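User: I should like to learn how to read the features of a structure with two chains. Could you please guide me through one?

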2 protein chains.
Amino acid sequence: MRTGRPREFDLDRTLDRAVRVFWRQGYEGTAIADLTEALGINRPSLYAAFGNKESLFRRVLARYVEQRAAYLDLALAEPTARATVEHLLLGAADATTCRGEPRGCLTVQGALATGPDSDPVRRALTSWRRSGEAAIRARLARARDDGELPPHTDPAVLARYVCALIYGMSVQAAGGATRTQLHRVVELSMAGWDALVGGEQPAAG
Amino acid sequence: MRTGRPREFDLDRTLDRAVRVFWRQGYEGTAIADLTEALGINRPSLYAAFGNKESLFRRVLARYVEQRAAYLDLALAEPTARATVEHLLLGAADATTCRGEPRGCLTVQGALATGPDSDPVRRALTSWRRSGEAAIRARLARARDDGELPPHTDPAVLARYVCALIYGMSVQAAGGATRTQLHRVVELSMAGWDALVGGEQPAAG
DNA sequence: GCGATCTTGTACTGATCGGTATAGTTGTGG
DNA sequence: CCACAACTATACCGATCAGTACAAGATCGC
């Protein structure tokens with residue numbers, strides 16, 4: 001049995017609040033004082049529960065990815081490449097424009113350009129984005145191998161194109177773009193997909 | 001005639017160095033000590049020449065836009081909407097992947113998510129991006145009115161789509177994407193444009 | 001109740017933040 | 001040669017930074 005004085009705050013609930021602070025202000029723009037105030041706990045409690053600022057941010061990132069970027073895995077599980085891409089774009093548009101939550105994407109705006117001290121955090125975000133791109137590329141490669149996409153398509157280029165749209169919409173969301181506006185961008189992108197890849201059905205023979 | 005001891009450093013040359021520091025580290029990630037070291041001047045000289053950190057950043061932004069984002073005006077002056085869009089995308093791909101210079105775009109990564117203290121700077125960048133989008137939208141609206149684009153096209157959506165690609169490529173460049181990789185994305189995007197808008201020629205009827 | 005163990009709040013650390021006072025230096029105009 | 005103006009360099013300001021020492025408070029096993 002765990003002895004000692006019990007913690008007076010809920011770990012997950014507190015972590016969720018920390019997610020929003022880092023999401024809104026970025027890693028370097030967030031001071032420990034901002035966190036203790038938003039979390040309603042004292043400094044030593046924060047350090048005891050989450051370690052230093054960087055390790056807290058990494059836990060925040062993990063929770064953000066698990067909750068807010070869950071659409072990624074769902075999208076990859078879609079039966080077709082087209083559905084995957086549409087799910088990705090719509091998921092990004094929605095996740096970056098949630099009412100009552102910060103605009104944009106933590107993995108983009110959390111630490112895009114930083115001073116040397118924050119380099120490890122910046123690299124962690126970059127690494128996460130790259131792994132996401134790799135997963136999308138693998139999914140598109142499978143679609144091509146299955147004959148769903150034309151054999152001449154380059155999954156790497158396609159994945160980078162899709163991710164560029166996702167990151168770009170995230171930047172626009174951070175700048176105040178509405179969900180409706182981003183949905184229009186997604187519609188346009190999917191129309192382009194259909195025009196380029198050849199409609200909603202694979203080649204009929 | 002200007003009397004007094006002459007300045008020992010070149011203003012423009014020093015400003016160019018400041019551009020690179022803010023470009024690489026972002027607004028909040030840049031300390032005055034970083035600047036004085038990179039610029040080779042003392043703290044009071046910096047303040048006398050450029051004012052405080054925020055006003056220096058605004059001058060840096062103006063110079064960056066004038067030099068590194070010059071492709072924007074050139075693109076808008078292209079004779080066709082297609083040439084404009086291609087110029088924009090290629091210009092962004094090139095400007096964010098210059099050898100020997102920071103990767104990405106200052107107007108995106110300079111202050112995408114910040115603490116409250118840096119809010120004015122963040123808003124200034126957002127405002128600049130929005131004005132760029134508006135200019136592109138106006139150019140595309142003109143193309144539609146001239147009959148170059150189908151009458152049902154929505155210039156606002158199209159402009160947001162193009163800007164999303166630009167910002168997205170900028171994020172990817174900041175994450176280490178190469179110029180060649182981004183050029184492939186541009187090629188794909190332009191193929192989509194042609195497939196969607198209907199080829200390189202306006203309707204012949 | 002007692003000691004062990006953990007969390008709490010307060011108060012503090014050295015370092016760094018943006019910004020400046022001040023004195024010394026180097027030039028120009030008369 | 002002198003008075004003045006602008007720049008340079010050092011050294012400093014209060015505030016804030018991330019991180020912690022320490023003592024009081026709370027809960028467990030015994």
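User: How many residues does the contact take from chain A and from chain B?

Analyst: In this predicted model, the contact takes 45 residues from chain A and 45 residues from chain B. On the side of chain A that touches chain B, at least two residues each come from H1 (11–25), H7 (106–109), H8 (119–145), H9 and H10. H9(A) gives the most, with 14 residues. By class, this side of chain A has 20 nonpolar, 18 polar and seven charged residues.

User: How is the packing of two helices described?

Analyst: The description uses the angle between the two axes and the distance between the axes. Here, H9 (residues 155–174) of chain A packs with H9 (residues 155–174) of chain B at an angle of about 105°, and their axes are 6 Å apart. Angles of 65 to 115 degrees count as roughly perpendicular, and H9(A) and H9(B) are therefore roughly perpendicular to each other. The contact of H9(A) with H9(B) has 14 nonpolar, four polar and two charged residues.

User: Which residues are buried in H10(A), and where do they lie around the axis?

Analyst: In an α-helix there are 3.6 residues a turn, so residues three or four places apart point the same way. The buried residues of H10(A) include A:Leu182, A:Val185, A:Val186, A:Ser189 and A:Trp193. The buried residues cover an arc of only 165° around the axis, which puts them on the same side of H10(A).

User: What covers the buried residues of H10(A)?

Analyst: The cover includes H6 (81–95) and H9 of chain A, together with H9 and H10 (179–197) of chain B.

Methods. Residues are numbered from 1 along each chain as its sequence is written. Chains are lettered from A and ligands numbered from 1 in the order in which they are written. This is a predicted model: local features need pLDDT of at least 70, side-chain atom pairs count only at pLDDT 80 or more; totals for chains, interfaces and linings use all residues. Axes are lines fitted to C-alpha atoms, for helices over the stretch in contact, and angles run from 0 to 180 degrees between N-to-C directions. Helices (H or I, at least four residues) and strands (E, at least two) are DSSP runs, numbered from the N terminus. Angles under 35 degrees count as roughly parallel, over 145 as roughly antiparallel, 65 to 115 as roughly perpendicular and the rest as oblique. Ala, Val, Leu, Ile, Met, Phe, Trp, Tyr, Cys and Pro count as nonpolar, Asp, Glu, Lys and Arg as charged, and the others, Gly among them, as polar. A residue is buried if 20 or more other C-beta atoms lie within 10 Å of its own, exposed if 12 or fewer, and partly exposed in between; C-beta atoms are placed from the backbone. The arc is that of the directions from the helix axis to the C-beta atoms. Two residues are in contact if their C-beta atoms, placed from the backbone, lie within 7 Å.
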